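These are my notes from a session spent looking through one chain, from its overall build down to single residues. I begin with how its contacts are counted.

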Amino acid sequence: MQQRNIFAGPYLDRAGHLRQDPGWFAAALADERSRAVPVWNSRNLIAEGGAPRAVYVELSHIPPERRNDTDLILLGRYGDTNFFTYEIESPDAPPLPAGSRFEDLRVVAALLPIDEAGLLGYARAIISWRRRHRFCGLCGARTVSAKSGHVLVCSEPSCRNEQFPRIDPAIIVLVSEGERALLGRQASWPIGRYSTIAGFVEPGESLEDAVRREVLEETGIEVDRIEYHSSQPWPFPASLMLGFTAHALTTEVRLHDQELEDARWFTRADIAANGALLPPRQSISFRLIEHWFDAGGEARLRDMQGSAPWPQSR
Ligand SMILES: [Zn+2]
């Protein structure tokens with residue numbers, strides 16, 4: 001069965017048809033069950049003590065002047081509850097509900113229930129987009145929120161340029177050659193961590209072009225037999241990771257650019273012997289490594305030591 005990648009999944013009804021319904025919005029504002037996901041300084045609100053959980057706020061806790069359809073962004077229907085997000089635009093830490101703290105989602109995402117991680121990631125991503133698009137890229141006038149926060153429209157009447165939430169596609173690929181898989185590491189990562197090769201898609205490239213180019217640039221390896229595996233939203237700030245597998249045509253590793261500190265071939269026996277500190281289990285990189293490893297048929301990576309999730313420090 002295909003496992004879910006973190007930040008992905010059908011946990012939410014996005015209810016796009018409600019984004020332009022003022023009557024529904026007024027009713028949702030008045031509904032005391034409605035909740036909001038606050039975002040401050042790109043951080044999400046998390047319960048302290050015990051396993052991390054998301055903390056949501058009642059709309060009545062939001063300042064009245066911000067309880068409107070330009071400051072609140074409709075995320076959708078989560079269970080039977082209307083969910084919004086909003087940004088706390090204060091340079092200093094805001095007052096917090098008892099037992100909660102604002103935390104970088106990268107630190108806690110792998111520890112949250114996967115639906116909550118998805119909801120907080122979605123909120124973080126759309127707030128981040130709005131912060132970066134306060135002005136029109138064509139004429140420089142301020143933008144105003146429309147469609148429950150999902151469009152930013154230029155306020156200059158002669159322009160009216162519309163901007164939609166942007167997503168930056170990036171490929172991530174498990175390159176294999178029989179019993180061996182190609183993994184690399186960046187200098188900033190924890191000691192011993194290795195992961196799959198990744199990079200942003202450039203204008204004018206297909207996904208397959210980007211896979212070939214990134215692997216060649218970063219490791220000197222040429223690949224073919226590129227096949228799609230799965231994808232993962234990565235809201236730091238706006239990536240969509242598109243996961244692939246590929247077969248190596250060459251085997252000599254040469255580090256061409258400065259992206260990686262090291263790249264090397266790992267056999268299944270190397271991985272089984274904890275020869276690499278792998279990424280967290282819910283990440284698409286782990287899933288790609290698992291897909292390759294388990295195809296060997298001897299053991300399941302998930303059942304083995306050395307694949308435990310570890311907190312990401314950045
Ligand atoms: Zn404009």
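I count two residues as in contact if their C-beta atoms, placed from the backbone, lie within 7 Å. With that rule I looked up how far along the sequence the contacts of the chain reach, and found that, among those between residues at least 6 apart, 67% join residues at least 24 apart. I keep in mind throughout that this is a predicted model.

**Overall build.** I listed six helices and 15 strands in the chain. Along its principal axes the C-alpha trace spans about 60 × 50 × 35 Å. I then checked the radius of gyration, which is 22 Å, and this agrees with the value near 20 Å that a compact globule of 314 residues would have. Of these 314 residues, 35% count as buried.

**Domains.** I noted a division into domain 1 (16-131), domain 2 (133-165) and domain 3 (168-303). For domain 1 and domain 3 I looked up the separation of the C-alpha centres, which is 33 Å. The contact between these two takes eight residues from domain 1 and seven residues from domain 3. On the side of domain 1 that touches domain 3, the largest share, six residues, comes from H3, and by class that side has four nonpolar, two polar and two charged residues.

**Core.** Which residues touch the most other members of the largest nonpolar core? I found Val173 and Val175 in that role, in a core of 70 residues. Helix H3 (residues 114-131) gives the largest share of this core, nine residues. Because domain 1 (16-131) and domain 3 (168-303) both give residues to the core, I record it as lying between them. I followed Val175 further and, leaving aside residues up to four places away in sequence, found that Val175 touches Ala181, Leu182, Ile197, Val215, Ile221, Val223, Ala246 and Ala248.

**Tyr194.** I next turned to Tyr194, which is found in the loop between strand S11 (180-185) and strand S12 (197-200). Is Tyr194 buried or exposed? I counted 25 other C-beta atoms within 10 Å of Tyr194, and since 20 or more make a residue buried, Tyr194 is buried. Apart from residues up to four places away in sequence, Tyr194 touches Leu183, Gly184, Arg185 and Ala276. As a last look-up I took Tyr194 with Arg101, a pair 93 residues apart in sequence, and noted a C-alpha to C-alpha distance of 31 Å.

Conventions:
Residues numbered from 1 in each chain as written. Predicted model: local features only at pLDDT ≥ 70, side-chain atom pairs only at ≥ 80, totals over all residues. Helix = DSSP H or I, 4+ residues; strand = E, 2+ residues; numbered from the N terminus. Rg over C-alpha atoms; globule rule 2.2 N^0.38 Å. Buried ≥ 20, exposed ≤ 12 C-beta atoms within 10 Å, placed from the backbone. Core = buried A, V, L, I, M, F, W, Y, C linked by C-beta atoms within 7 Å. Domains from an automatic or database assignment. Nonpolar A, V, L, I, M, F, W, Y, C, P; charged D, E, K, R; others polar.
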